[in-house]
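Visitor: I would like to take a close look at one part of this model, and I would be glad of an explanation that goes slowly and shows its reasoning.

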Amino acid sequence: MSVASPEESPDSTHRIDSFNGEQSVYFVPLRWWKDAQESTPSESAEKREVLYTATTGSSYGGPMKLINNIFNSDILFDLRREGDGLQNGETGEASVSGRDFALVSSDMWLQALKWHHDDKNNEKGVKSFSAGGVDRGDVYPVQLRLSVVQESNSLAVKICKKDNSVECFRRACKIFSLDSEQLRIWDISGKTTLFFENDMNNSKDCQQQTDQEMLLELQIYGLSDSIKLKESKKEDGSTQQTNGITNGINGGTMFRFGRSNSLSFLGKAGEAGTLGLTGLQNLGNTCFMNSSLQCLAHTPKLVDFFLGEYSREINLENPLGMKGEIALAFGDLLRSLWAPGASTVAPRTFKAKLARFAPQFTGFNQHDSQELLAFLLDGLHEDLNRVKNKPYVEAKDGDGRPDEEVADEYWRNHVARNDSIIVDVCQGQYKSTLVCPICKKVSVMFDPFMYLSLPLPCTSMRTMDLTVMSADGGSLSVSLTVNVPKFGKFEDLQKALVTACSLPDDETLLVTEVYNNRILRFLEEPTDSLTLIRDGDKLVVYRLKKDAENSPLIVFMHQKLEEQFILGKSSPTWKAFGIPLVSRLSDVENGFDVENMYLKLLSSFKMPTELFTENLENPPIEEEAIDKAVTDGTTSIDDTNSTSVKETTESLPDPDPVLRLYLTDDRGSSIESEILKEKPVIIKSKRLNVLARWPVKELDVYDTCLLSSLPEVSKVGTKRPQESVSLYKCLEAFLKEEPLGPDDMWYCPGCKEHRQAIKKLDLWRLPEILVIHLKRFSYSRFMKNKLEAYVEFPIDGLDLSSYISYTNGQTTYRYMLYAISNHYGSMGGGHYTAYVHHGGDRWYDFDDSHVNQISQEKIKTSAAYVLFYKRLVEDK
């Protein structure tokens, strides 16, 4: 409550400043207040009430007193203090009438408001958890001018018509009318007593003080009124018609005192809506911050805590905290979001504090809402930590003791150093078990958690398309599709292929990457990462005989003669085509053996005799085959210019009608020497590269299109069906046993060495508010990716009873969803929003400054990123 005069003397300025603290006093019906106060014990029980009665014949000491009395255009009355000896609760049931009102503090009003809302919802069977969901009626301002009359120990009140809109002034006349029953006001807040004390202590001239005028702004809030602004549109353009919502709790009038040069408006006249449905302005790529803030601003217990006297718990001495600045900034922001009649809030102060203590959020780049949430929860905890001096505690291993005893010891040690509203509401505990793979040493620890980061198991797999070639040419090439771990190793691919091929014991597999009709690389190192294989790569798997493993490898590449036009002249050119063929050089002595091996590998691609003869008599136009080859990306632009193999045969000369084989390099680009049938083959290395140059007519016998067909690992542009996974499956993947990574080795106390231990997590103690982070963003050395899988998550009945290792005395492990942080778009950008439950079956979409209602059926999307659950309370 703060006041100001037109002419402030040094003394009056000191008095005003000493009383200025943006404190609020609420004007509510006494019966409404008593109903809530009798059912909800509060600190007000220790306060003393001061009774004021309103009387006519105002002693208002302003210079316009005579004119006001003559024309009676303004409302004038006195509030005479009757005494302050009454204890709270002594007003008596019989003395309460419809003209009795109470002045209560902000905290008292919020507690009473919440009680009435919960009581109303309980009658309807609606589950309620916080001040959220409390309907508010129309909000409109009324300006008052006050002066203190020391002689009569009273306040002179004037409500000027020129200070208020027509409809607001009409309502004020009805509320403060003295024509009917006497108006009595009980000050339970103690603010007016403090005002009189400050006024008396700091005033040197009583007459000067009597003539001093103070401006007071009332925000009339939801007071029952039969007029309901029916004529407001005609008489006052600044007053908007409400949506007709009637407050079921009779509402209240909020007094907010502010300096005349900096009045605080809580909303436009006639504005209607619901408490807490206030948007946050986007300050420039701050949607990630707005999304997390809206979810926290609607979190049970946190709302009640920060709307109360939370400043009492701020820890200014904690070296790990931020001197309470983050807690104060968040508290002020939350109060602004829950203020009656609040419009869009610009969180500039909070953003500045955030950038100061977390430089990673400086500037206006897009960030991760979950990273901000993690920092904010930790920062609020440290700022509100009730422990001033943290004792030293040493973590002890279980050493065979019962898990319950060890877990309780860990939790006591944790709470001895960490005790805050965040710990009370948001922190749980899980059991971590490590087993050494060598000495089998078992280590059990119980660690706290603020949220659960769950992997998406369906998106941890990768689908690959490969081509498998037979070992001896006895069958055509086969296309295979296998599923492998997205971040697995080549050995995982080998295992998947062995299963998919039903590989017999006498065969082995050789995996290669083919590019431009040659083998680019051999994938033989089992520990290499599968991320080295790109979606556009083309992989060929060769089945080889195991008994020839020590024999040199022979790779056949193919070329055919094609016509090219250079400067308008035809020029025959050798051009590579088809998939390389691979075998082992066993029992090979001369060039004749090499040619027979090559023709045997090609035998499966030979066309049937009947079809071949028919094609010679009536050559087809093989447009479809050529289109397929072009689509597969295995032919060049020159291939698309030829219409058929037969046409090429007839148009080109045949300089050499015999198939010839040459020794070449691994690229097939240079010829070393020809392989003659009668002469022995000299093998100088473990790999022999052979280039086969085909005569034009003999090539017609083979299906070159089939030989050239080679799919990509994952064809670009292919839209695969959206993956879906249950939230329970994500939780199971989080809790499953798995080895530690090579960069996260555990020091085994038994072996006295770092080991790649087996780790297992179990849920041990669940918090009241359970925050679940879905790990949609994946990072590796070579790529960054966002997982777009749809996660099926429960709304009203998340049951974790089968996933908890220890009941710990809790009666229920069922949770209800109340908020979602969403991310739309790609990684490194995109947009964040929030969905928030607001009582009953109502959900709202918070998109920065825009707040719109959304149906419950639409809140489940693949954009869900962070889920906020609250524990349900079983009905007794």
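Which residues of α14 are buried?

Guide: Before the answer, please keep in mind that this is a predicted model. The buried residues of helix α14 are Val406, Ala407, Glu409, Tyr410, Trp411 and His414. The helix itself covers residues 403-417, and its length can be checked: at 1.5 Å a residue, its 15 residues should span 21 Å, and since the C-alpha atoms at its two ends are 22 Å apart, the expected and the computed values agree.

The next step is to ask what those buried residues pack against, and here the elements are α15 (421-426), β11 (428-435), β12 and β28. Two of these elements, β12 and β28, lead us to a pair of aromatic rings, because Phe446 belongs to strand β12 (residues 442-449) and Trp764 to strand β28 (residues 758-765). The centres of these two rings are 5.1 Å apart and their planes stand at 70°, which is over the 60 degrees required, so the pair is described as edge-to-face. The pair links distant parts of the chain, with the two positions 318 residues apart in the numbering. Phe446 counts as buried because its relative accessibility is 2%, and Trp764, with a relative accessible area of 4%, is buried as well.

For a contrast in exposure, we can turn to Glu753, which lies in strand β27 (residues 753-755). Its relative accessibility is 42%, so Glu753 counts as partly exposed. When neighbours within four places in sequence are left aside, Glu753 is in contact with Trp746, Tyr747 and Cys748.

The ring pair that we met above belongs to a wider set, for the structure holds 16 aromatic pairs. Another of them joins Phe306 and Phe330, whose ring centres are 5.0 Å apart and whose planes are at 80°, so this pair too is edge-to-face. Phe306 lies in helix α10 (residues 302-306) and Phe330 in helix α11 (residues 325-337), 24 residues apart, and the pair is again one that links distant parts of the chain. Phe306 is buried, with a relative accessible area of 0%, and Phe330 counts as buried at 2% relative accessibility. These two residues are also members of one aromatic cluster, which is formed by Phe305, Phe306, Tyr310 and Phe330.

Rings can also have a charge placed over them, as with Lys351, whose charged end sits over the ring of Phe364 at 5.1 Å from its centre. In a similar arrangement, the charged end of Lys860 sits over the ring of Phe793, 5.9 Å from the ring centre.

Finally, it may help to set the helix beside a sheet, namely an open sheet of five strands in the order β15-β14-β18-β16-β17, with mixed pairing. Strands β15 (478-485) and β17 (518-522) stand at the edges, and because each has a single partner strand, one side of each is left without a neighbour in the sheet. From one strand to the next, the twist averages 45°. Strand β14 (residues 461-469) pairs with β15 in the antiparallel sense over eight bridges, and in β15 the residue Val478 is the bridge partner of Val468. Across this sheet lies helix α16 (residues 490-501), which crosses β14, β15, β16 (507-515) and β18 (539-545) and runs at about 135° to β15.

How values were computed
Residues numbered from 1 in each chain as written. Predicted model: local features only at pLDDT ≥ 70, side-chain atom pairs only at ≥ 80, totals over all residues. Heavy atoms only, no water. Pairing = 2+ DSSP bridges. Helix = DSSP H or I, 4+ residues; strand = E, 2+ residues; numbered from the N terminus. Axes fitted to C-alpha atoms, helices over the stretch in contact; angles between N-to-C directions. Contact = heavy atoms within 4.5 Å. Phe/Tyr/Trp six-rings, centres within 6.5 Å; stacked < 30°, edge-to-face > 60°. Buried < 20%, exposed > 50% of the residue type's maximum accessible area, 1.4 Å probe, protein only. Lys NZ or Arg CZ within 6 Å of the ring centre and 35° of its normal. Expected span 1.5 Å × (residues − 1).
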